[in-house]
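Please walk through this structure with the text below. Keep the sequence at hand as you read.

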Amino acid sequence: MTGLTDDINACAGLVQRGDADRFLAIMAAPVAARAKLFPLFAFNIEVSRAPWITQESMIAEMRLQWWRDALEEIKTGAQVRRHEVVSPLAAALTPDMADGLDALIEARRWDIYKDPFEDDAAFRRYLEATTGNLLVTACQMLGAADSKAVRDIAFAHALVRWFQAIPELENHGRRPLVDGRAEAVAALATEALARRKAAATSLISRPARAALLCTWQDTALLKQVAKDPMLVADGALGLSEFRRKASLLAMSTTLRL
């Protein structure tokens, strides 16, 4: 038990260093949920970094394959490799959840290369497979089912995170959007807002709501983009520190999405 606790603490540290907003959201979740969410989001950090820490595509592919192999061990019930993220993740995943995370890794192969998305459908599949599957797994870990409402909230969250990453992606020579015109960016934000609003009024279970605390800023940030899409290209999306913390406190207290 001590070893597992140490691993979860290591995962928490990794998330705190690599994804500060999600760290705050997990800390606002019930204590029992943190032991499952920290390994999951630590896994996501490790996988999302893999394509970017080397210029060699073959090495990046090998790093992603390492994580796929770890998930295969979890899925098949084989001896799971000893690792500070894999070990606690294995304790929280079912084979079906591992399948969803495997699809997440496969989608991350797009990050290795500089090819643009083929079309809008390919872009949406990427968001669904990466952040979409991540949040669905988070909900499942806490006992909630996959649902259209969860997927709609996950789409909005994925789009916000993508908008925030666009300046850095462009600096690396990537073409992150199929249609980068301001009106197209605003339309995406408006669509995501509508889907999130409809989903938030659905019957989403309390465990799922705790898993979705990381989406606490999404409505406000999507409204910024819908009003002024140039904020995306300028890397100027964001809330004041006071508003960030106050809105997280409000959502964690009421669990209203």
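What follows covers the pockets, the cavities, one helix and two aspartates. The model is predicted.

Start with the open spaces. The largest pocket has a volume of about 660 Å³. Its lining counts 23 residues, and the closest to its centre are Ser-48, Arg-108, Arg-161, Trp-162 and Ala-165. Three helices give two or more residues to this lining: H3 (31-49), H7 (120-141) and H8 (148-171). H8 gives the most, with seven residues. What is the chemical make-up of the lining of the largest pocket, by class? It has nine nonpolar, seven polar and seven charged residues.

Now turn to the second largest pocket. Its volume is about 250 Å³. The residues that line it are Glu-106, Ala-107, Arg-109, Trp-110, Tyr-113, Pro-116, Phe-117, Glu-118, Ala-122, Arg-125 and Tyr-126. Helices H6 (95-107) and H7 each supply at least two of them. H7 gives the most here, with three residues. By class, the lining of the second largest pocket has seven nonpolar residues and four charged ones, but no polar residue.

Next come the enclosed spaces. How many cavities of 30 Å³ or more are there? The count comes to two. The largest cavity holds about 80 Å³ of space. Among the residues that line it are Asp-21, Arg-22, His-157, Val-160, Arg-161 and Gln-164. Further along the chain, Cys-214, Trp-216, Gln-217, Asp-218 and Leu-221 also line the largest cavity. H2, H8 and helix H11 (218-227) are the elements that give two or more residues to this lining. H8 gives the most, with four residues. The lining of the largest cavity divides into four nonpolar, three polar and four charged residues. Arg-161 deserves a second look. It lines the largest cavity, and it is also among the residues closest to the centre of the largest pocket.

The second largest cavity has a volume of about 40 Å³. Arg-22, Ala-25, Ile-26, Leu-37, Phe-41, Ala-210, Ala-211, Leu-213 and Cys-214 line it. H2, H3 and helix H10 (206-211) each supply at least two residues of this lining. The largest share, three residues, comes from H2. The lining of the second largest cavity has eight nonpolar residues, no polar residue and one charged residue. Arg-22 and Cys-214 appear in this lining, and both also line the largest cavity.

Now follow helix H13. It runs over residues 241-254, which makes 14 residues. At 1.5 Å a residue, H13 should span 20 Å, and its end C-alpha atoms are 20 Å apart, so the two values agree. Which residues of H13 are buried? They are Arg-244, Leu-248 and Met-251. These buried residues cover an arc of only 70° around the axis, so they sit on the same side of H13. They pack against helix H2 (20-27) and helix H9 (182-200). The face of H13 turned away from the buried side carries Phe-242, Leu-249 and Thr-253, which are exposed. After H13 comes Leu-255, and its phi is positive, near 55°.

Finish with two aspartates. Asp-152 lies in helix H8. Is Asp-152 buried or exposed? Its relative accessibility is 6%, so Asp-152 counts as buried, since the cut-off for buried is under 20%. Leaving aside neighbours within four places in sequence, Asp-152 is in contact with Arg-195 and Ala-199. Lys-197 is 45 residues from Asp-152 in sequence, and their C-alpha atoms are 9.1 Å apart in space.

Asp-102 lies in helix H6. Its relative accessibility is 13%, so Asp-102 also counts as buried. Which residues does Asp-102 touch, not counting those up to four places away in sequence? They are Arg-68, Leu-71 and Lys-75.

Notes. Residues numbered from 1 in each chain as written. Predicted model: local features only at pLDDT ≥ 70, side-chain atom pairs only at ≥ 80, totals over all residues. Heavy atoms only, no water. 1 Å grid on protein atoms, 1.4 Å probe; cavity = no way out; pocket = protein on both sides within 12 Å on 5 of 7 lines; lining within 4 Å. Points joined across faces, edges and corners; volume = space filled by probe spheres on them. Nonpolar A, V, L, I, M, F, W, Y, C, P; charged D, E, K, R; others polar. Expected span 1.5 Å × (residues − 1). Buried < 20%, exposed > 50% of the residue type's maximum accessible area, 1.4 Å probe, protein only. Arc of directions from axis to C-beta. Contact = heavy atoms within 4.5 Å.
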